[in-house]
Amino acid sequence: MRTLAISGVEAVPVDAEIDIHRGLPAFTIVGLPDAAVRESRERVRAALVNSGFDFPLQRITANLAPADLRKAGPGYDLAIAAAILVASDQLAGAPLDGWWLAGELALDGGIRPLPGALAMAERVEREGGRGFALPAANAPEAGLIEGPAIAPLGSLADLRTLAAGEIPAGPAPIASRSAPALPDLADLKGQPGLRRGLEIAAAGGHAALVVGPPGAGKSLAARRLPSILPPLSRREAIEVTRIASVAGRPSADGTLAPRPFRAPHHTISAAGLVGGSSPPRPGEITLAHRGVLFLDELGEFSRASLEALRQPLEDGEVTISRARGATTLPADFQLFAAANPCPCGYGADSPRCSCTAERVRAYAARLSGALADRIDLVLAVEQPSAAALSGDPGETSAEVAARVLDAREAQRERLGPDRVNASMTDAEIAASAGLDQDARAALVSGHDEYGLSGRGWNRVIKVARTCADLDGSRAVGADHVAEALALRRREAG
Amino acid sequence: MSGACAECLRRGQLLSLLAANIDRSVGARAGERARDLLALGDRELAVAVAPTDWKAALATAGARARQAAAESGTGWVMCPHGPGYPTGLDALGRSQPHALFGRGDAGIVAGLDPDRAVTIVGSRRCGAYGRQVAHELARELAAAGIVVVSGLALGIDSAAHEGALAAGGTTIAVLGPGADRAYPRSAVGLYRRICASGAVLSELAPGAATFRWVFPARNRLMAALGGVTVVVEAAERSGSLITAEMAIEAGRTVGAVPGPVTSWRSSGTNRLLGDGAALVRDARDVLDLLLGPGSAPPQPSGPATTAEGAAVLAALDGGAATADAIAAAAGVGFSATLIALARLERDGYVRGDHGGRWTRTTLAEPGGAGRLI
């Protein structure tokens with residue numbers, strides 16, 4: 001009987017084999033099972049009996065192959081039970097050929113939902129399986145994949161229907177809820193700088209840092225970043241839904257997950273952020289795949305956590321190496337970071353600031369060193385005035401998103417599908433940045449005055465390219481370069 | 001080491017040796033009593049702070065002085081009886097230091113004319129405002145050929161040294177403990193750079209440990225070395241106010257930089273101004289105090305600015321620091337403000353920091369009437 005295991009955010013095939021022969025009644029499971037899998041024996045025995053089947057009083061050995069893959073969780077119950085029924089001739093085997101099964105059994109024969117149904121359905125489809133029988137609660141999610149037939153099982157007794165060559169009806173589908181509306185950018189009043197920074201970051205996929213006191217709207221703005229990013233393509237949405245399901249947030253009604261927004265607290269460990277443990281579980285950056293990772297209080301994250309972010313920010317995926325092998329997880333996210341101007345939050349310029357010079361200096365050094373060569377733009381913000389707060393709402397997300405989409409379209413034409421300016425290589429910058437004569441002159445004459453390295457210049461050019469794309473300009477002009485220069489990252493001191 | 005007479009060398013060693021005893025005997029009133037003790041002769045001093053073993057202390061100090069004189073160390077030493085002793089210290093009268101132990105260029109100290117030196121002091125716990133003013137003042141004074149004297153402490157002192165070094169000028173750090181190593185330790189990088197292009201000096205022999213009394217004692221040296229002492233940012237009861245008092249006693253001019261009346265950081269300097277200290281807004285004010293009114297060189301001015309640039313500079317002068325606030329005050333669009341800021345930065349008018357905030361440099365606009373810091 002074919003079933004599936006989850007490894008990282010992918011499903012891998014597992015074969016459940018059963019051998020029944022004469023001897024003292026016994027039931028053993030082999031193939032690197034963990035405690036939950038070993039306890040499967042008791043659930044299978046009870047579920048079979050309570051569903052009106054016989055549990056063979058013979059020597060039963062269940063093998064989960066491949067034998068060197070560690071098996072965890074109760075998801076193999078269903079395949080083991082089905083294999084026993086076929087091996088003991090209680091069900092016909094032929095109609096089940098080409099069917100894959102996964103699900104946890106309840107003692108009364110009911111079938112409980114499991115995480116990762118979408119990943120499993122994708123795998124069944126790729127393996128050319130005829131059908132996939134799984135808990136009814138997971139069926140809408142698996143139904144997102146076209147190809148294999150999906151059999152929703154409410155209880156073990158439904159296997160009789162399947163073995164008769166029919167697909168059980170399953171319970172009535174849950175009415176699909178409309179996706180909750182994303183918070184809208186109209187809530188951000190005043191703050192033209194924060195809006196502009198957000199728009200540039202969204203348009204070019206740039207990692208951004210916003211520095212300002214509490215109450216300046218930093219996290220309010222960050223939470224609205226997903227609403228101005230282009231809509232997810234179906235392929236991207238499937239990826240996001242698959243990851244959410246593996247992480248324990250299955251889609252109950254078969255709707256695709258929205259663009260993720262993850263905001264881990266600064267006390268998070270490096271393993272929690274990038275993924276870890278054994279077998280590796282996805283971390284925050286994988287949960288933020290195709291979405292936004294918001295790091296509030298960037299200066300307070302541990303060095304180890306921030307260092308661990310560097311490779312994923314460059315590669316769009318993270319490789320976790322453990323003694324038992326390496327797992328690669330997707331981690332293509334947009335970074336949006338925020339920080340207070342000093343440890344107390346008010347900023348060293350403010351008379352209310354109670355920080356000592358030494359603390360301010362240490363904080364500035366840590367902040368300016370954090371992900372130093374991964375952040376493209378830095379913006380200082382202040383608390384909006386009372387007049388701005390009581391004034392009219394600003395532009396809505398839809399209006400900004402339309403401009404962002406146009407800018408993304410220009411990048412797609414220039415760089416290819418799914419590419420953004422932030423991901424330009426040095427060669428692409430040289431070949432296709434499209435600096436006009438003035439901009440070139442501004443760069444050359446400015447090289448010394450701004451004290452930038454070659455790499456620093458490339459970051460400026462990427463942001464300038466995005467400013468030009470937002471302007472609908474093919475060429476990058478001197479003004480675009482100047483705006484990017486004003487937003488560039490600087491050393492403390 | 002040479003350049004000082006045997007008695008003065010012994011005096012330096014004696015202070016190092018008895019530093020702990022002096023600390024005990026001055027107690028909490030280090031500021032006043034240290035000065036009185038240092039005005040005593042060697043024997044009286046030793047008896048006063050070490051009544052039981054003063055004879056041994058004198059003998060040990062003498063032996064150490066002879067040993068140190070025989071060694072060729074990396075530093076230098078000078079005394080009132082030898083060549084090069086800075087004339088400014090004569091103003092201290094009886095509490096004048098005997099030996100001066102130093103590192104770096106002895107020639108800077110040797111030729112020091114108080115009318116060509118300015119002492120900049122202020123709070124260790126300074127704000128961004130104080131740090132910026134101290135840096136700019138020191139940079140412009142050093143660029144005008146003035147020697148900047150300060151104490152290597154965190155905050156204002158460090159900013160002043162940095163400013164002078166940034167201008168390629170000359171700066172002298174006067175340390176409380178021995179001049180053979182940086183105090184505070186975190187300033188070791190700055191200490192090395194000052195040793196390389198300026199001078200570091202102390203009244204105590206190399207190796208002397210740190211006690212409370214050495215700082216007010218050091219302050220009287222700083223107050224006497226500069227013709228003008230400028231207090232940049234100091235709260236009430238700050239040690240910088242002691243330096244200002246000592247400068248007045250030494251017959252020097254004291255200037256203070258005003259700060260917001262709501263800021264505790266500037267309460268001491270604002271009180272100094274109320275008590276009659278000279279108002280210091282920029283380097284020209286200091287040069288007027290030092291060399292007489294009208295003698296200051298004209299302020300340098302930068303290249304022409306656009307109308308938007310001028311509006312942005314006015315907004316910065318008005319206290320705006322974020323691009324949002326500048327755009328609002330200047331009445332210019334946000335992107336246009338960023339563009340103007342980048343050009344002003346290239347031309348040297350403004351500076352951005354690591355957190356995206358903007359500050360004005362002291363560079364004047366051409367044809368403008370200059371500006372207040």
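## Helix H15(B) and the contact between two chains

Me: Which residues of H15(B) are buried?
Reply: This is a predicted model, where local features need pLDDT of at least 70, side-chain atom pairs count only at pLDDT 80 or more, and totals for chains, interfaces and linings use all residues; side-chain values use heavy atoms, without hydrogens or water. Residues are numbered from 1 along each chain as its sequence is written, with chains lettered from A and ligands numbered from 1 in the order written. Helices (DSSP H or I, at least four residues) and strands (E, at least two) are numbered from the N terminus. The buried residues of H15(B) (under 20% relative accessible area, 1.4 Å probe, protein chains only; exposed is over 50%, partly exposed in between) are Ala323(B), Asp324(B), Ile326(B), Ala327(B) and Ala330(B).

Me: Within what arc do these buried residues fall, seen down the axis of H15(B)?
Reply: The arc is taken over directions from the helix axis to the C-beta atoms. The buried residues of H15(B) line one face of the helix, because they fall within an arc of 165 degrees.

Me: Which residues are exposed on the other side of H15(B)?
Reply: The buried residues of H15(B) have cover that includes H14 (307–317), H16 and strand E11 (358–360) of chain B, together with helix H7 (192–204) of chain A. On the other side of H15(B), the exposed residues are Ala328(B) and Ala329(B).

Me: Which residue follows H15(B)?
Reply: H15 of chain B spans 323–330. The residue after H15(B) has a positive phi, near 65 degrees, and is Gly331(B).

Me: Which three residues supply 23% of the area that chain B buries against chain A?
Reply: The contact (heavy atoms within 4.5 Å) takes 38 residues from chain A and 29 residues from chain B. The buried area, meaning accessible area (1.4 Å probe) lost on being put together, summed over both parts, is about 2,900 Å², with carbon and sulfur atoms giving 55%. The three residues of chain B that give 23% of its share, more than any other three, are Asp324(B), Arg346(B) and His354(B).

Me: How many residues of the side of chain B that touches chain A come from H16(B)?
Reply: There are 3 salt bridges between the chains (Lys or Arg side-chain nitrogen within 4 Å of an Asp or Glu carboxyl oxygen); one of them joins Glu345(B) to Arg488(A), with the closest N and O atoms 3.0 Å apart. Helices H7 (128–143), H15 (323–330) and H16 (334–346) of chain B each supply at least two residues of this side. The largest share comes from H16(B), with 8 residues.

Me: Which residue of chain A does Gly127(B) touch?
Reply: Gly127(B) lies in the loop between strand E3 (117–121) and H7 of chain B. Gly127(B) counts as buried because its relative accessibility is 3%. Not counting residues up to four places away in sequence, Gly127(B) touches Glu233(B), Arg265(B) and, from chain A, Ala348(A).

Me: Is Arg123(A) buried or exposed?
Reply: Arg123(A) lies in helix H4 (residues 117–126) of chain A. Leaving aside neighbours within four places in sequence, Arg123(A) is in contact with Leu4(A), Ala11(A) and Pro13(A). At 19% relative accessibility, Arg123(A) counts as buried.

Me: What percentage of the residues of chain A count as buried?
Reply: Chain A has 20 helices and 16 strands, and its C-alpha atoms fill a box of roughly 90 × 50 × 45 Å along the principal axes. Of the contacts in chain A with a separation of 6 or more, 74% are between residues 24 or more positions apart. Among the 493 residues of chain A, the buried percentage is 53%.

Terms used. Buried area is the accessible area (1.4 Å probe) that two parts lose on being put together, summed over both.
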